[in-house]
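Trainee: I have just opened this one and would like to be walked through it. Could we take it piece by piece?

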Amino acid sequence: MSNLTTQSSERALTPAPRMQPNGTVSRVASWLIWPALLVLAVGLGLGIDNNYWLQVTVNAEIMVIATVGLYVTFGLSGQVSLGQAAFFAIGGYSVGLLVTKLSMDFGLAMVIGVLLSAIVGLALGIPALRLKGHYLALATLGFGQVVALILVNWTWLSGGATGVSGITAPLFGSFELVTVSDWAVFIGIFAVLAIFVVHRVKNSSYGRAMQAVRDSDVAAAAMGVSLSAVKVLAFVIGAAFAGLAGALNAGFTTYISPGTYNLALSVSLLAMVVVGGATSHWGAVIGAVLLTFLPELLRPIQDYYLLLYGVLLLIMVAFVPGGIWGVILGIGRYVGRLTGIRRRREKTELDLLKGEES
Amino acid sequence: MIIQSVVSGLAVGGIYALLAVAFLLTYRVAGVLNFAQAEFVMIGAFVASSVAAVAGVPLVAAALLGIGAAAVVGVLMERVTYRPLRNAPHASMIISTVAVGIILQQAAHLIWGPNPRSLPSLVPNVSLDILGSRVSTVSLFIFVVSIVLIIGVTLLLSRTRLGRQMQATAVDADTAQLMGIRTGQIVVIAFAISTALTGAAGVLVAPMFSVTVHVGMLIALKAFAACVIGGFGNLPGAAVAAFGLGIVENLGGSFIGSDSKDLLAFALMIGFLLLRPQGIFGAKVGEKL
């Protein structure tokens, strides 16, 4: 009996094979990607001298944060949330109100905003996640509406339809983020950190439990996974990341209004995960960047953009379930197989030659 | 005053009830949560109003064309959402209906433009004097039509061969298919009936509001709320809850102010999800964890 348990724990400790487009990528290389991404984020912040594109880049980075969070909720553990905009709003309004009404430092307000989003996510998630998946979609949809209506109607708290403006505060003490470039570097670092955290979560025991719950909750429960704990954790991570994105957005734009936090935002976050590829956090990153830049690039045909967006979403869901990341992986595997076949053929030819010799 | 509130509550509740029944029909038969319902309200209202604007077309014909258009688009929707995705995880299906909603809304925006349109009611708007309260004929008409339609659907499901086939498909599609029921066709019919009902709700609601691409948004969301409150698997239960919601909302609106009126439905829905997820009339749905 004891022998059995040690065996199984040993097996649990050995890392599962990672999906790599080209087979073997060494451990060092897979770690090098993080400093490389940091350099990229800082480089983008300092290097883009066009103010407009720099702002779009910052928006993309904010979306990356919210989207990788939603990837944990939806991609890893299979829970559909249609209320991410509400957590975005909680983060944003926490920062907006704490900074303007209590003249709090932005850094502290941001931490409170993220914590508040997580707590609200916990409070909503614990009861709602006891229910089958589609109930969560409905509950989060309703929750999103409640928050949106509160933001408009409770003028004493939220400032009503006009929103909150003049959200400017030092980050900590006398340290201030002044230029767009400063913000771009700051938010870029957070975006990389967010991807890193999600990467670690995915490859942790919790991440594997989440995937097990997504693939078969009955089997996962039979293996001793606590369904409620895993689902709630995944939901809270999604909520906290959306709160962080909302907080950063409020600090960056210095102005928030209820119109930003509607169902369209929740849907587009979900769309980013699906279009990018719900099987990997890299898919979520690709989706967030692509669907933030696409509307800017398609500005000439603005009237048709949303129509195109809907069609794209429909096609991706129906025919490309792996998303863009899935396509990239597929191409990688295809190329790998081609080269692999060639190598094998060379080898057999070599063997034949040897056979002729002997 | 109270009677007036109740009657207009019943009218709004009738709209919610039509949408709730329509929503549950595709959910029960095909397992599809149709998040594009608001857009089918819009299609019914837009098509009816533009047909009615053509001189010489009777209003009834315009209304029927609006309903028919919604049903046709509903059948097309089955092709692109249910059929390719019936074996996919339910999340994919939800997202595909959301995508259809975006497409329909944007298409309508391109076709009909941003200016609101109007549709006259099928009955003349007269105030009747009932027990000292002034009650609008339009409200009464909406209430009566929605009740008739809902009873019609209930009878269709319980009394006809087609209805029983639909119920069998809802209970167990695989077994139903083994018993010789063409479940593929049944699902298409369920989509057609569901979207036709939604289109009818659009035609009924259009005289009360101006017709824009957002006409169905809030009412569809409140119909979802009614489904949760009434119990998700239960068509008549959801309809009763929808009428109740309409009344509560209207009475509540005159007491707590119209600003918070819209909050009421969603607060009730979340309250029910947390405390009694099976709704008023439903069987237990919570998962054992």
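**A hairpin in chain B**

Mentor: Let us begin with a pair of residues in chain B, where B:Ser127 stands opposite B:Ser136 of β2(B). Please keep in mind throughout that this is a predicted model.

Trainee: Okay, and what is the bridge partner of B:Leu128 in β2(B)?

Mentor: B:Leu128 has B:Val135 as its bridge partner in that strand. Both pairs belong to the pairing of β1(B), residues 127-130, with β2(B), residues 133-136, which is antiparallel and runs over 4 bridges.

Trainee: How many residues sit between the strands of that hairpin?

Mentor: There are 2 residues between the strands, and in this hairpin B:Leu131 takes a positive phi near 50 degrees. As background, most residues other than glycine have a negative phi.

Trainee: Which residues of chain A have a positive phi without being glycine?

Mentor: Two that I can point to are A:Ser103, with phi near 40 degrees, and A:Thr254, with phi near 60 degrees. A:Ser103 is found in the loop between α4 (84-102) and α5 (106-128) of chain A, while A:Thr254 lies in the loop between α11 and β2 (255-256) of chain A.

Trainee: Is A:Ser103 buried or exposed?

Mentor: A:Ser103 is exposed, because 9 other C-beta atoms lie within 10 Å of its own, and a residue with 12 or fewer is counted that way. A:Thr254 has 15 C-beta neighbours inside 10 Å and therefore counts as partly exposed.

Trainee: Changing topic, how many helices and strands are there in chain A?

Mentor: Chain A contains 15 helices and 2 strands. Of its 358 residues, 46% count as buried. If you take the contacts in chain A between residues at least 6 apart in sequence, 80% of them join residues at least 24 apart.

Trainee: Let's look at some helix pairs, then. At what angle do the axes of α12(A) and α13(A) cross?

Mentor: Helix α12(A), residues 263-276, and helix α13(A), residues 281-297, cross at roughly 120 degrees, and their axes come within 7 Å. The two helices are therefore oblique to each other, and their crossing is right-handed.

Trainee: Which residues make that contact?

Mentor: From α12(A) they include A:Ser268, A:Ala271 and A:Met272, and from α13(A) they include A:Gly283, A:Ile286 and A:Leu290. The residues of this contact divide into 10 nonpolar, 4 polar and no charged.

Trainee: What lies in the loop between α12 and α13 of chain A?

Mentor: A:Gly277 is a residue of that loop. It is buried, because 27 other C-beta atoms lie within 10 Å and 20 or more are enough for that label.

Trainee: And which residues is A:Gly277 in contact with, leaving aside its neighbours within four places in sequence?

Mentor: A:Gly277 is in contact with A:Gly283 and A:Ile286, both of which also take part in the contact of α12(A) with α13(A). The others are A:Gly322, A:Gly323, A:Ile324, A:Trp325 and A:Gly326. For a distance to check in the viewer, the C-alpha atoms of A:Gly277 and A:Ile33 are separated by 20 Å, and these residues are 244 apart along the chain.

Trainee: How about α8(A) and α11(A), how do their axes cross?

Mentor: The axes of α8(A), residues 180-202, and α11(A), residues 227-253, cross at roughly 175 degrees and come within 11 Å. These helices are therefore roughly antiparallel to each other. The residues in contact include A:Trp183 and A:Phe190 of α8(A), and A:Phe241 and A:Phe252 of α11(A). The contact divides into 9 nonpolar residues, no polar and no charged.

Trainee: Last topic, the two chains together: how many residues does the contact take from each?

Mentor: The contact takes 37 residues from chain A and 39 residues from chain B. On the side of chain B that touches chain A, at least two residues each are supplied by α4 (82-85), α5 (90-112), α10 (217-230) and α12 (258-275).

Trainee: Which helix gives the most to that side of chain B?

Mentor: That is α5(B), with 14 residues. The residues on the side of chain B that touches chain A divide into 30 nonpolar, 6 polar and 3 charged.

Terms used
Residues are numbered from 1 along each chain as its sequence is written. Chains are lettered from A and ligands numbered from 1 in the order in which they are written. This is a predicted model: local features need pLDDT of at least 70, side-chain atom pairs count only at pLDDT 80 or more; totals for chains, interfaces and linings use all residues. Axes are lines fitted to C-alpha atoms, for helices over the stretch in contact, and angles run from 0 to 180 degrees between N-to-C directions. Angles under 35 degrees count as roughly parallel, over 145 as roughly antiparallel, 65 to 115 as roughly perpendicular and the rest as oblique. A crossing is left-handed if the near helix is turned anticlockwise from the far one by less than a right angle, and right-handed if clockwise. Two residues are in contact if their C-beta atoms, placed from the backbone, lie within 7 Å. Ala, Val, Leu, Ile, Met, Phe, Trp, Tyr, Cys and Pro count as nonpolar, Asp, Glu, Lys and Arg as charged, and the others, Gly among them, as polar. Two strands pair if DSSP finds at least two bridges between them.
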